[in-house]
Structures are given as C-alpha cells and as structure tokens.
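Hi everyone, thanks for making time this morning. Could you bring the structure up on the screen, so that we can walk through it together?

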Amino acid sequence: MKRYFEQAGLSYPPKNIALFAMKEEMSVELWAEEKGRWSYVKRYNIEKISGKKGPKLREGDKQVPEGIYRVSLLNPNSRFHLSMKLDYPNAFDRKYAKLEGRTSPGSNIFIHGKQASTGCLAMGDYSIEELFLLAQRTGLDNIEVVISPHDPKKGKLLASVNQPFWTQILYRNIEQQAKKFGR
C-alpha cells in the first residue's frame, strides 16, 4: 500500500481515509486526507453487489445501503475472508426508519472479500486484504465510507418516485460529501 500513497504524494500510513463507493459503476475509490486536502489513491472493483438504486429500508431486502458511514469493526475471522463492518443503520437511517414506523431497517452490512453479496460490498480477497490492512493501520475512527447510487460526476443524484421522500435529502448529503473527492 505504501507505494500507492507515495505515487499520490502522500504519507503512509495516512491519518484519514475515505472509501467512496459507487454502486452503478461497481467501484470503490480510496482517498486520503493530508493537510486538509483529499487526494485520490486507488480504485477497486466491486466484485458483487445486490439490490438496486436506492437506500436500504428493511432487514432481508438484500439492498446495499446508500449514505455516509463509518467502519465500526474489523473482522479477521469472517466467512468472507476478511470484513469491515459498517455502522449501518446510522443516525440518519434510524431517524427515518422511526418516522416511517420501520422497526427492522437491517444490520450487519460489511465490505468484505469473496464474490457474493446480499446487501454488502463484496470486493474479492486481494482487494479486501489491502483495504483491511490499511483500515487497521489508519484506525477505525479515521475512516469514512460514502456509498452513492452512481458517480455524481455523471449527473445529479435523483430519487425516483417510488423511493421515500427523504431519499432526496440523503442524496444531497452524499453529493455534499462527494465534493471533497472532486465530484
């Protein structure tokens, strides 16, 4: 990993990283922050993703969530090689689930190895090894994960008519975060 950071003109290990996932493009970009500026480091392919455009609404919907998350746990003993648990549902997700009377918005969303997914981002084993070790060296408190329906450079994030009213609020939040990645 050190050489990727050196090529980007960044220190290793980094103080802060962000993983910017784009569902439609099936990719995750690795960004690092140094001296108040975010720099692109590397792109990873998502090997498998489930669901469609739109936020996760309930347990068992096999939907990958969309939003701004943190890594809450590193699991070296995952059945998917290695895994990084996201803090889904976060405060935003819980707020709107409560407003809508949804009591089971889902849980156990991971970025993991292998090539199977039922609501997670399956990165393949080699990619998750790099990301897992980087997360370990960076520290969980210094990792942000942004999951977007598509690359905001391709056009505004728009909620479809069959999505909840708050999806447009969520998409504005994602677009705001994505600006630091030149999106």
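Before we look at the sheet, one term: two strands count as paired if DSSP finds at least two bridges between them. And please keep in mind that what you see is a predicted model.

With that in hand, let's start with the sheet. In what order do the eight strands of the open sheet run? The order is β3-β2-β1-β8-β4-β5-β6-β7, and the pairing is mixed. At the edges stand β3 and β7, and each has a single partner strand, so one side of each is left without a neighbour in the sheet.

Let me take you through some of the pairs. β1 and β2 run antiparallel and are joined by seven bridges. If you would like a residue to click on here, N16 stands opposite E33 in β2. Moving on to β4, which covers residues 67-75, we find four bridges to β8, residues 143-148, and these two strands run antiparallel. There, I68 stands opposite V146 in β8. β4 is also joined to β5, residues 83-86, by four bridges, again in an antiparallel arrangement. For that pair, look for L74, which stands opposite M84 in β5. As a general reminder, side chains in a regular strand alternate between the two faces of the sheet.

Now to the nonpolar residues. In soluble globular proteins, nonpolar side chains tend to be buried together. Which residues touch the most other members of the largest nonpolar core? They are L30, M84, I111, L121 and V145, out of 34 residues in that core. You met M84 a moment ago, opposite L74. At least two residues of this core come from each of α1, β1, β2, β3, β4, β5, α3 and β8. The largest share is from α3, which gives five residues. Apart from this core lies another one, of 16 residues, and its members include A18, M22, Y96 and V146. So V146, the residue opposite I68, belongs to that other core.

Let's zoom in on L121. Leaving aside its neighbours within four places in sequence, L121 is in contact with A21, V28, I46, K48, I49, V64, F110, I111, H112 and I147.

Next, a residue in helix α3, namely E130. Is E130 buried or exposed? Its relative accessible area is 8%, and buried means under 20%, so E130 is buried. Beyond its neighbours within four places in sequence, E130 is in contact with M1, Y4, K42 and Y44.

On to the backbone, where a few spots deserve a click. A cis peptide bond joins Y12 and P13, with omega about -5°. P13 sits in the loop between α1 and β1. There is also a cis peptide bond between Y88 and P89, where omega is about -5°. P89 is found in the loop between β5 and α2.

Two residues other than glycine have a positive phi that I'd like to show you. M26 has a phi of about 55° although it is not a glycine, and M26 lies in the loop between β1 and β2. M26 is partly exposed, with a relative accessible area of 26%. K35 has a phi near 55°, and K35 is not a glycine either. K35 lies in the loop between β2 and β3, and K35 is exposed, at a relative accessible area of 81%.

Finally, the pockets. How much space lies in the largest pocket? About 300 Å³. Of the 18 residues lining it, R79, N108, F110, T118 and C120 are the closest to its centre. F110 should sound familiar, as one of the contacts of L121. The lining of the largest pocket divides into five nonpolar, nine polar and four charged residues.

The second largest pocket holds about 180 Å³ of space. Among the residues lining it are K52, K53, R58 and D61, along with S160, N162, Q163 and P164. Here the lining divides into three nonpolar, five polar and four charged residues.

That's my tour, so please rotate the model and ask away.

Terms used:
Residues numbered from 1 in each chain as written. Predicted model: local features only at pLDDT ≥ 70, side-chain atom pairs only at ≥ 80, totals over all residues. Heavy atoms only, no water. Buried < 20%, exposed > 50% of the residue type's maximum accessible area, 1.4 Å probe, protein only. 1 Å grid on protein atoms, 1.4 Å probe; cavity = no way out; pocket = protein on both sides within 12 Å on 5 of 7 lines; lining within 4 Å. Points joined across faces, edges and corners; volume = space filled by probe spheres on them. Nonpolar A, V, L, I, M, F, W, Y, C, P; charged D, E, K, R; others polar. Core = buried A, V, L, I, M, F, W, Y, C linked by side-chain atoms within 4.5 Å. Contact = heavy atoms within 4.5 Å.
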